[in-house]
Amino acid sequence: MTTTPAAVTIRNGLQSTNNAGGNSGPHTVLNDGAVPQAVTSISVTGKDDSHGCLSDIEVSRLTITHASTLKPLPRPESLTFGSTMTDHMLIMSFDPLSGWSAPAVRPYGPLNLDPASSCFQYCPNIFEGMKAYLGPDGTPLLFRPDMNMARMARSAARVALPSFNQDALLTLIKKLVMIDARWIPSLPGYSLYIRPTLIGTRPALGVIPSTHATLYVILSPTGPYFSPSLTTPRIRSWISLLASSSNVRAWPGGTGAYKLGGNYSPCFEPQREAAKQGYSQILWLLPIETEGKKEWKVTECGQMNFMCVIRRDDGGIDIVTPLLDGTILPGVTRDSIISLAANHNKSFPLPGVPSNVDVGVREDTIYMSHIVLWAQEGRLLEAFGAGTAAVLAGVWRVGWEGRDIVFGNGMQDELKDGEKDVNGLGPVGKALYDRILEIQGGRVQGHEWSVSCAD
């Protein structure tokens, strides 16, 4: 016989449990730092409560409440990243006794959270960054969304948030995107940014894992991360980095490989200091003792994965990126670049890169001493950051020990007559950027990375 999960209400830190028939059940006080044994586990293993299992996310339980008045669509050219939200959002909650609630699409609006919620006190907050694009037939497309769902699940486990059905969440995201598809700009380089977020909401101050959670998804139309400057239209849109030896973004055994909110805010002050010195972002380093000397290991640049293009002695080129060692976020764009570069000389050549140019890929440890040596030898051709927001962003120079190491393969800051700038990228970076945009926009027929929201 299947039993109905109990309804749970939280008021002022008290958890009252009542059965579906309305008879009064036991009341449990959630004291500060103490959680009843019955609710210390937040693993989701089933879809009903008949054998003590908790409900997982179920698409069949979705409710949809359409906004009564739709917002006017902004001019695409006026969009700035993450500032404009669409009409609707997806939301559901996790309770330690019943599991995941019925998911709901509702008009975009504020959350109602207890001031003592774990997310405000101890930051068990994770998120993902995805985008939806308009395909050639107008159907919204996602780019490798399975990787985002898998990474979100790993991040949730790292901060002891409840697990969830990845396939069900992805299906719900597709439905939300279809509802707000009118917000996807049709201009090249524009998209609908998707921000799935999972936060701990246990309403008590005890320093323990959050037994409650809220999962929501919001959407924001966005244009190119680097918009052409109206005041200096002839200047290349690349970034400069200050290599930091005084601040560390992540460390071995830490959380650098997970997409946690707490990984980002400690970066803000160093980035502000870098801006005061004339640099766009930080090149994050990690001090390492090796062979009796101190080295500075390169990890990430700003909030992006870092990549260099190096000329080999045989005339080929290598795309080199730091090894995933637990301090680096395993980016979806990073993985895509590695795969595309590895297939250049096989079945899928990069646009604009001659097929007879041998392109290799190396995931390796990169020290600042390597970058200095490559620059001195004239082998350092290009560098770029890779991530969902910008896709690829070209790096012009890196400030290190009082001087600048200049990239750019001979490119100048000022554009030549007839030259078109693409995020400050050199020829290899631009080829990768163009190929990724082709796949994202569904212009590569049948590519497995392009996933329809209509399916």
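Of the 455 residues in this chain, 51% count as buried, a figure that, like everything below, is computed from a predicted model. The chain holds 7 helices and 22 strands, and its accessible surface comes to about 20900 Å², of which 51% belongs to carbon and sulfur atoms. If one takes the contacts with a sequence separation of 6 or more, residues 24 or more positions apart account for 69% of them.

We can begin with the nonpolar interior. In soluble globular proteins, nonpolar side chains tend to be buried together. Here the largest nonpolar core has 35 residues, and those with the most contacts inside it are Leu90, Leu169, Val177, Ile194, Leu198 and Leu215. Several elements supply at least two residues each to this core, namely the strands β5, β9, β11 and β12 together with the helices α2 and α3, and the largest share, 7 residues, comes from α3. Leucine 90 shows how such contacts reach across the sequence: leaving aside residues up to four places away, the residues that leucine 90 touches include Leu62, Val105, Leu169, Ile173, Leu176 and Leu215. Apart from this core lies another, of 30 residues, among them Val332, Leu381, Tyr433 and Val444.

A second region to follow is built around strand β17, residues 317–322. All 6 of its 6 residues are buried, so the strand is largely enclosed by the rest of the structure. Both of its faces are covered, with Ile317, Ile319 and Thr321 buried on one side and Asp318, Val320 and Pro322 buried on the other. Strand β16, residues 304–311, runs antiparallel to β17 and is joined to it by 4 bridges, and one of the paired positions brings arginine 311 together with isoleucine 317. Between these two strands of the hairpin there are 5 residues, and glycine 315 takes a positive phi near 95°.

Strand β18, residues 359–364, runs parallel to β17, with 6 bridges joining the two, and proline 322 stands opposite aspartate 364 in β18. To get from β17 to β18 the chain passes through helix α5, residues 332–342, in a right-handed β-α-β crossover. Of the 11 residues of α5, 8 are buried, so this helix too is largely enclosed by the rest of the structure; among the buried ones are Val332, Arg334, Ile337, Ile338 and Leu340.

Charged side chains make further links, for the structure holds 19 salt bridges. In one of them, glutamate 363 meets arginine 334, the closest N and O atoms being 2.7 Å apart, and this pair links strand β18 with helix α5 across 29 residues of sequence. Glutamate 363 is partly exposed, with a relative accessible area of 39%, whereas arginine 334 is buried, with 3%. Aspartate 335, also in α5, forms a salt bridge with arginine 144 at 2.9 Å, and these partners, the latter in the loop between β10 and α2, are 191 residues apart. What are the partners in the salt bridge between arginine 151 and glutamate 128 tying together? Arginine 151 lies in helix α2 and glutamate 128 in the loop between β8 and β9, so the pair ties together parts that are 23 residues apart in sequence. Arginine 151 is buried, with a relative accessible area of 3%, and glutamate 128 is buried as well, with 0%. Finally, a network of salt bridges links Arg312, Asp314, Asp318, Asp358, Arg362 and Asp364.

Methods
Residues are numbered from 1 along each chain as its sequence is written. This is a predicted model: local features need pLDDT of at least 70, side-chain atom pairs count only at pLDDT 80 or more; totals for chains, interfaces and linings use all residues. Side-chain values use heavy atoms; hydrogens and water are left out. A nonpolar core is a set of buried Ala, Val, Leu, Ile, Met, Phe, Trp, Tyr and Cys residues joined through side-chain atoms within 4.5 Å. Buried means under 20% relative accessible area, exposed over 50%, partly exposed in between (1.4 Å probe, protein chains only). Contact means heavy atoms within 4.5 Å. Accessible areas come from the Shrake-Rupley method with a 1.4 Å probe; for residues, only the protein chains shown count as cover. Two strands pair if DSSP finds at least two bridges between them. A crossover is right-handed if, with the strands pointing away from the viewer, the path from the first strand over the helix to the second runs clockwise. A salt bridge is a side-chain nitrogen of Lys or Arg within 4 Å of a carboxyl oxygen of Asp or Glu.
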